[in-house]
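Biologist: I would like to learn how to read a model of this kind step by step. Could we take the sheet, then the helices, the pockets and a few single residues?

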Amino acid sequence: MQVLVQTARLCDLAAVNDLHKRCSREARRARYHGPRDGLRPAEWRRLTDPERGSTVLLRANNDRGRVIGFASLMHLPDSEAEIALLIEDRWQNLGIGTAVVNHLASIASSLSIQALAAWIEPGNARALRIMHGLGAKVDLTDGVAEARILLRSRVDSSV
């Protein structure tokens, strides 16, 4: 299995919305914390605006290059960034989520971002497992799990 990662562009919206159609309601709810069938053009413009952050597409090399997921790293105040991802159901549980979060962490480090944050539904065991596996501190606030990865400590601990 080979997954290609490429920078998302405005022209990719149709492929991303096609991905949404192939994802289960549960997968979309885990990503958006509510029902969602796709993204509007204005939302996709924000996600692909380099001034706001970085969004990558995940393409399956053995599935005609079809978009099987996307992940975003969006700037927050105080040298932090939010990460979020959506991966097609049949591609879950293969380590892709962990790999893409590591990829986003590398991008964030190169941009001098000090911490990554993710807001996760408490029942989203996959996302919580990924974040715990990457050393995130997770706190439950108002019914949402807030996960935070300090990038400096990750760099220090890997030396």
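Modeller: Let us begin with the sheet, bearing in mind that this is a predicted model. Seven strands make up an open sheet with mixed pairing, and their order across it is E1-E2-E3-E4-E5-E7-E6.

Biologist: Which strands stand at the edges of the sheet, and what is left on one side of each?

Modeller: The edge positions belong to strand E1 (3-7) and E6, and because each has a single partner strand, one side of each is left without a neighbour in the sheet. As for the twist, neighbouring strands are turned by 25° against each other on average, direction ignored.

Biologist: In which sense do E1 and strand E2 pair, and over how many bridges?

Modeller: A pairing is described by its sense and its bridges, and here E1 and strand E2 (residues 53-60) are antiparallel, with five bridges. To find the register, look for Gln6, which stands opposite Leu57 in E2.

Biologist: How many bridges join E4 to E5, and how do these two strands run?

Modeller: E4 and E5 run parallel and are joined by three bridges, and Glu82 stands opposite Ala117 in E5. On its other pairing, E5 meets E7 in the antiparallel sense over six bridges, with Leu116 having Ile149 in E7 as its bridge partner. E5 is also mostly covered, since five of its six residues are buried, where buried means under 20% relative accessible area.

Biologist: What should I look for in the side chains along E7?

Modeller: Follow the two faces of the strand, for the side chains of E7 alternate: Ala145, Ala147 and Ile149 point to one face and are buried, whereas Val144, Glu146, Arg148 and Leu150 point to the other and are not. E7 is also joined to E6 by five bridges, the two strands running antiparallel, and Lys137 stands opposite Arg148 in E7.

Biologist: How many residues lie between E6 and E7 in their hairpin, and which residue in the turn has a positive phi?

Modeller: Two residues lie between the strands of this hairpin, and Asp142 in the turn is the one with a positive phi, of about 55°. Such a value is worth marking here, Asp142 being a residue other than glycine. Its relative accessibility is 79%, so Asp142 counts as exposed.

Biologist: Where does Ser112 lie, and is Ser112 buried or exposed?

Modeller: Ser112 belongs to the loop between helix H4 (96-110) and strand E5 (115-120), and with a relative accessible area of 54% it is exposed, the cut-off being over 50%. Ser112 is likewise a residue other than glycine with a positive phi, in this case near 65°.

Biologist: Turning to the helices, which strands do H1 and H2 lie across?

Modeller: For each helix, note the strands it crosses and then the angle. Helix H1 (residues 13-22) lies across E2, strand E3 (67-76) and strand E4 (80-87), and runs at about 115° to E3. Helix H2 (residues 25-32) lies across E3 and E4, running at about 175° to E4.

Biologist: What is the volume of the largest pocket, and which residues lie nearest its centre?

Modeller: The volume of the largest pocket is about 760 Å³. Its lining consists of 34 residues, and those nearest the centre are Ala30, Leu85, Asn124, Arg126 and Ala127. Two or more lining residues come from each of H2, E4, H4, E5 and helix H5 (125-133). By class, the lining of the largest pocket has 17 nonpolar, nine polar and eight charged residues.

Biologist: What is the volume of the second largest pocket, and which element gives the most to its lining?

Modeller: The second largest pocket has a volume of about 160 Å³, and H3 gives the most to its lining, with three residues. Arg31, Glu43 and Glu82 are among the residues that line the second largest pocket, and by class its lining has five nonpolar, one polar and five charged residues.

Biologist: As a last case, is Gln92 buried or exposed, and which residues does Gln92 touch?

Modeller: Gln92 sits in the loop between E4 and H4, and because its relative accessibility is 16%, Gln92 counts as buried. Leaving aside residues up to four places away in sequence, Gln92 touches Ala27, Ile87 and Arg126.

Key:
Residues are numbered from 1 along each chain as its sequence is written. This is a predicted model: local features need pLDDT of at least 70, side-chain atom pairs count only at pLDDT 80 or more; totals for chains, interfaces and linings use all residues. Side-chain values use heavy atoms; hydrogens and water are left out. Helices (H or I, at least four residues) and strands (E, at least two) are DSSP runs, numbered from the N terminus. Buried means under 20% relative accessible area, exposed over 50%, partly exposed in between (1.4 Å probe, protein chains only). Two strands pair if DSSP finds at least two bridges between them. Axes are lines fitted to C-alpha atoms, for helices over the stretch in contact, and angles run from 0 to 180 degrees between N-to-C directions. Contact means heavy atoms within 4.5 Å. On a 1 Å grid over the protein atoms alone, a cavity is a set of points where a 1.4 Å probe fits but cannot get out, and a pocket is an open set with protein on both sides within 12 Å along at least five of seven lines; lining residues have an atom within 4 Å of a point. Grid points are joined across faces, edges and corners, and a volume is the space filled by probe spheres set on the points. Ala, Val, Leu, Ile, Met, Phe, Trp, Tyr, Cys and Pro count as nonpolar, Asp, Glu, Lys and Arg as charged, and the others, Gly among them, as polar.
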